[in-house]
Amino acid sequence: MEQIFKNKVALITGSSYGIGKATAIAFAQRGAKVVLSDWKDDVDTLDTIHQVGGEAIFVKCDVSNESMVKSLIEETIRRFGKLDLAFNNAGIEGTPAPAPDCTRDNWDKVIGINLTGTWLCMRYEIPAMLSQGKGVIINNASIAGLVGFPGMPAYVASKHGLVGLTKNVALDFAKEGIRVNAVCPGVIHTPMIDRYTGGDQQVLEQFAEATPMGRIGQPEEIAETVVFLCSDAASYITGQAIAVDGSWTTK
């Protein structure tokens, strides 16, 4: 596999499973030194990267905690001397319920991780990138950042906010060598979708049928989109929210 990220340092939050894990491995396979981060200890992704001959470290971080985010970036710089690429992937779906039944605790937690947490990450990633004159940030939004989904007010609000935040930050730093984009995955076969469906195969099949391509996406398909957006091949793309959804949002 072409080493397009050789001598680059990539940070992935929410790296323990699903899209985050697949993207971390994809970066490592292409030569990046990878900083893995999640709210719980992660051995599996780290071991997998080492098995394929990659270089990686793990730094525990709850992205809704500013002091932990600050320490995450500081440790990245301490260990590798710089930060070139960041995939702000950490996120939760929360507890489904219509808006009147969404609890304040659920609202605060979902917004705190999905939106505030991503803002905190960029707050510390951007100065590190500015110091070297360039960098690329990809935020993991969702098609729920482009269209509504019933019964998920906090999640939809957080992802719509994340798309807007991505566009704003991209404008602020377009002339500073920093590109900022969002990916908006559709229904992807991850532990999150398994929790949402309760692992009900019939519900998964309904999601597949509702997708114009007729199938659920795989984490690796999102990872490949992130890899492209971080590469020099995407050097003129910034401020975009790119749906990777089997055409769900064009129905």
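**A buried threonine, a β-α-β unit and one cavity**

Thr166 is buried, with a relative accessible area of 1%. In this predicted model, Thr166 has its place in helix 5, which covers residues 153–173. Once its neighbours within four places in sequence are left aside, Thr166 is in contact with Asn139, Val180, Asn181, Ala182 and Gln240.

Helix 5 also appears in the description of the empty space inside the model. The count comes to one cavity of 30 Å³ or more, and the volume of the largest cavity is about 60 Å³. Its lining can be followed along the chain: Glu93, Gly94, Thr95, Pro96 and Ala97 are among the lining residues, and so are Cys102 and Asn106. Gly151, Met152, Pro153, Ala154 and Tyr155 complete the lining of the largest cavity. Helix 5 supplies the largest share of this lining, with three residues. As a friendly reminder of what such a search does, rolling a probe the size of a water molecule over the atoms shows where empty space is left.

Attention now turns to the start of the chain. Strand 1, residues 9–13, is mostly covered, five of its five residues being buried. Val9, Leu11 and Thr13 point one way from strand 1, while Ala10 and Ile12 point the other way. Residues on both sides of strand 1 are buried.

Strand 1 has two pairings to report. With strand 2, residues 33–38, strand 1 pairs in the parallel sense over five bridges. One of the residues involved is Thr13, whose bridge partner in strand 2 is Ser37. With strand 4, residues 85–88, strand 1 again pairs in the parallel sense, here over three bridges. On that side, Ala10 stands opposite Leu85 of strand 4.

Between strands 1 and 2 along the chain comes helix 1, residues 18–29, and together strand 1, helix 1 and strand 2 make a right-handed β-α-β unit. Helix 1 has twelve residues and reaches 17 Å from its first C-alpha to its last, which is close to the 16 Å expected at 1.5 Å a residue. Ten of the twelve residues of helix 1 are buried, so helix 1 is largely enclosed by the rest of the structure. The buried residues of helix 1 are Gly18, Ile19 and Gly20, then Ala22, Thr23, Ala24, Ile25, Ala26, Phe27 and Ala28. Just after helix 1, Gly31 takes a positive phi of about 100°.

Positive phi values also occur in residues other than glycine. Asn7, in the segment before strand 1, has a phi near 70°. At 52% relative accessibility, Asn7 counts as exposed, because the cut-off for that class is over 50%. Ser247, found in the segment after strand 7 (241–244), has a positive phi of about 75° although it is not a glycine. With a relative accessible area of 29%, Ser247 is partly exposed.

Key
Residues numbered from 1 in each chain as written. Predicted model: local features only at pLDDT ≥ 70, side-chain atom pairs only at ≥ 80, totals over all residues. Heavy atoms only, no water. Buried < 20%, exposed > 50% of the residue type's maximum accessible area, 1.4 Å probe, protein only. Helix = DSSP H or I, 4+ residues; strand = E, 2+ residues; numbered from the N terminus. Pairing = 2+ DSSP bridges. Right-handed = clockwise from strand over helix to strand, strands pointing away. Expected span 1.5 Å × (residues − 1). Contact = heavy atoms within 4.5 Å. 1 Å grid on protein atoms, 1.4 Å probe; cavity = no way out; pocket = protein on both sides within 12 Å on 5 of 7 lines; lining within 4 Å. Points joined across faces, edges and corners; volume = space filled by probe spheres on them.
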